[in-house]
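Reader: Let us go through this structure by question and answer. Keep it short.

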Amino acid sequence: MKRTKLDGFMSFRQKRWIQFLIGVGILYLLLMVNFEVPFLLKSVTQEKDAEQSSRNTLFFTDGLSKESLVLDSEEESPIRPLKVPHYAPSNPRRVGKIREFKALSNLKFDVDFVNTTPGFGGIQTSAKEAFLVGKSFWEEVESPSKNNITEGIKNQTMETCPGSITLSGSGFQNKGNIIVLPCGMTLGSHITLVGKPRKAHFELDPKISLLKQGEVSQFMMELQGLKTVDGEDPPRILHFNPRLKGDWSGKPVIEQNTCYRMQWGIAHRCEGWKSRVEEETVDGKVKCEKWVRDDDGHLEDSKASWWLKRVIGRTKVAFDWPFPFVEGKLFVLTLSAGLEGYHVNVDGRHITSFPYRTGFALEDATGLALKGDIDVHIILAASLPSAHPSFTPQKHLEMSQKWKAPPHPSGPIDLFIGILSSGNHFAERMAVRKSWMQHDLIKSSHVVARFFVALHARKAVNVELKKEADFFGDIVIVPYMDHYDLVVLKTVAICEYGVHTASAKYIMKCDDDTFVRVDIVLNEANKVSDGKSIYVGNINYYHQPLRYGKWAVTYEEWPGEDYPPYANGPGYVISSDIAEFIASEFEKHKLKLFKMEDVSMGMWVEQFNKKNPVDYVHSLKYCQFGCIEDYYTAHYQSPRQMLCLWNKLQLLGRPECCNMR
């Protein structure tokens, strides 16, 4: 009897276990049907799409390998959820696979068509010529003969530079008053100049004479870098300007400064007073020595304490030197490169020291120029480097998989950033790749950034540019010969790409010396958009064209007295409907081109605004002149400053400017 009850109890427990296992099996089947099967189907579909995409993708003639279309590791490729943007372009791209990326822009310029409407002809004729030359250059880059060009580049980069250079006064004058330093300078390099300041004279230039009354005698000695853009002045790595007469103070002065992309830094003036004791030194030397005699009121110690120290032997007798430059008198000036800055000695005496400023390196100083009221007798540059560190070997070190662009996302994106650059701006592009292009929004492909570059006059630069584009996958080449007045064509290409390739909700234009806080720019655009057409940036109202000088605009080019409202070129955002309008009008030969690209954008937005209301959003935080507190974009940032700004964002978690030039 007991045995029968035990058997019944065990049978009951077995039944419960069987029911439990059946329940688990049913639950597993449900999970498989709802999750695993769709995932497997999706994976198979994505693999097929990726395989088909790799066959269709054209990247010049070489093409990208399939491996280059994916990120280097799973850790660097976070899953991006499909996010449908608020604005869908009228010509949507296919969704569901990696879209085709072409490094050659789709922008086409009909060279057989030139609009003769007033205001069109001049720049369109220049564009026609630039596209014709660019076409032949591009064909040459793609042709088999490019190997000869490449071989020439290799031979060129292996050449060494002289350790010293000497030029007589006449030889210096014949070379345009500039001595070329092929490999720049290095620690310990020095340049010695023997010259004579000319007699003071009345200023003949009426514009300057209004500011400088009386006689003038001054000269400028400048360490210059290579020109970065045609139409711009070369950067001044050191501007040394002794003013014997003619300074606004009415006294002899030495002024020093730097200038990057025609943007001057803060001037450092030596006015005859010795630098304060608490002021920082440069390699242990003061920034300014003393040459003023009647300075009783400026002594650091009182006369009584000075005489007391003199009597007990605790101070040395100070000797008052005169201003180091005298009209009609020979001088010997030596400029040397120290660990912390430049040092200037005149006739064997230290005069001033100028600390290095962020943004420039010693090797950037590829020339020394002199101008003004001076007669040069001889120049000697010695202890110069024998090789330039920025030649091709340095570029090869930068060619890391880490800096490659992520692939195009499989769907519309939030923001497309077009970055204007020039063919020889490798250092600027690398600084952008290593800084704000490492933002999570770009790495995860919510935001896409591409450099827009035209062809360079030097064919060797174009060959290197193509190699760079092939490797990094973030360059779009607009096939015309680059020129400052035709930058507007790159802006049109950015609009065309942002709409027809990237399918972006917003399109941003910036320069390769602009640091962009990607998340803040996108957030600000989203705040004001709400389905409306937007134009966001540092907007100028009622600006008038200059009729005289280097940036003069003729009445034929712009007959009006005021420009339309326009955002400064270093950084602005437009909605995709405006960008689509610009690309469409250009294709139909109805888009008026102007040599100032930011004014052109203002002109196009104004035209669009006549039928479709546009919200103009002005903010000074899209900084035009440099870097300000809590910036959205910072302009005129050198490669070193780019990296500095990015490091501060990462370390501090907030924007903070790096020291200015």
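Author: α11 passes α14 in a right-handed crossing. The model is a predicted one.

Reader: At what angle do α11 and α14 pack, and is the arrangement parallel or oblique?
Author: Helix α11 covers residues 487–500 and helix α14 covers residues 597–609. Their axes lie 8 Å apart, at an angle of about 50 degrees. Angles under 35 degrees count as roughly parallel, and 65 to 115 as roughly perpendicular. The angle therefore makes α11 to α14 oblique.

Reader: Which residues of α14 does α11 meet?
Author: The α11 side brings V487, V488, T491, V492 and C495. By class, the contact of α11 with α14 divides into 6 nonpolar, 2 polar and 1 charged residues. The α14 residues met are E597, S600, M601 and W604.

Reader: What is the handedness of the crossing where α11 passes α13?
Author: Helix α13 spans residues 576–587. α11 and α13 pack at about 120 degrees, with axes 8 Å apart. That angle makes α11 oblique to α13. The crossing of α11 past α13 is left-handed.

Reader: How do the residues of the contact of α11 with α13 divide by class?
Author: α11 contributes L489, V492, C495, E496, V499 and H500. α13 contributes S576, A579, E580, I582, A583 and F586. The division is 8 nonpolar, 2 polar and 2 charged.

Reader: Are α8 and α15 roughly parallel or roughly antiparallel?
Author: Helix α8 is residues 426–434, and helix α15 is residues 639–652. Their axes come within 8 Å and cross at roughly 5 degrees. Angles under 35 degrees count as roughly parallel, so α8 and α15 are roughly parallel.

Reader: How many polar residues does the contact of α8 with α15 have?
Author: From α8 come A427, E428, A431, V432 and K434. From α15 come P639, M642, L643 and W646. The classes are 7 nonpolar and 2 charged, and the polar count is none.

Reader: How much space lies in the second largest cavity?
Author: The structure holds 4 cavities of 30 Å³ or more. The space in the second largest cavity is about 60 Å³.

Reader: Which charged residue is in the lining of the second largest cavity?
Author: The lining residues are I237, T258, Y342, F354, P355, Y356, R357, F360, A361 and L362. They comprise 8 nonpolar, 1 polar and 1 charged. Asp, Glu, Lys and Arg count as charged, so the charged lining residue is R357.

Definitions and conventions:
Residues numbered from 1 in each chain as written. Predicted model: local features only at pLDDT ≥ 70, side-chain atom pairs only at ≥ 80, totals over all residues. Heavy atoms only, no water. Axes fitted to C-alpha atoms, helices over the stretch in contact; angles between N-to-C directions. Helix = DSSP H or I, 4+ residues; strand = E, 2+ residues; numbered from the N terminus. Parallel < 35°, antiparallel > 145°, perpendicular 65-115°, else oblique. Left-handed = near helix turned anticlockwise from the far one by under 90°. Contact = heavy atoms within 4.5 Å. 1 Å grid on protein atoms, 1.4 Å probe; cavity = no way out; pocket = protein on both sides within 12 Å on 5 of 7 lines; lining within 4 Å. Points joined across faces, edges and corners; volume = space filled by probe spheres on them.
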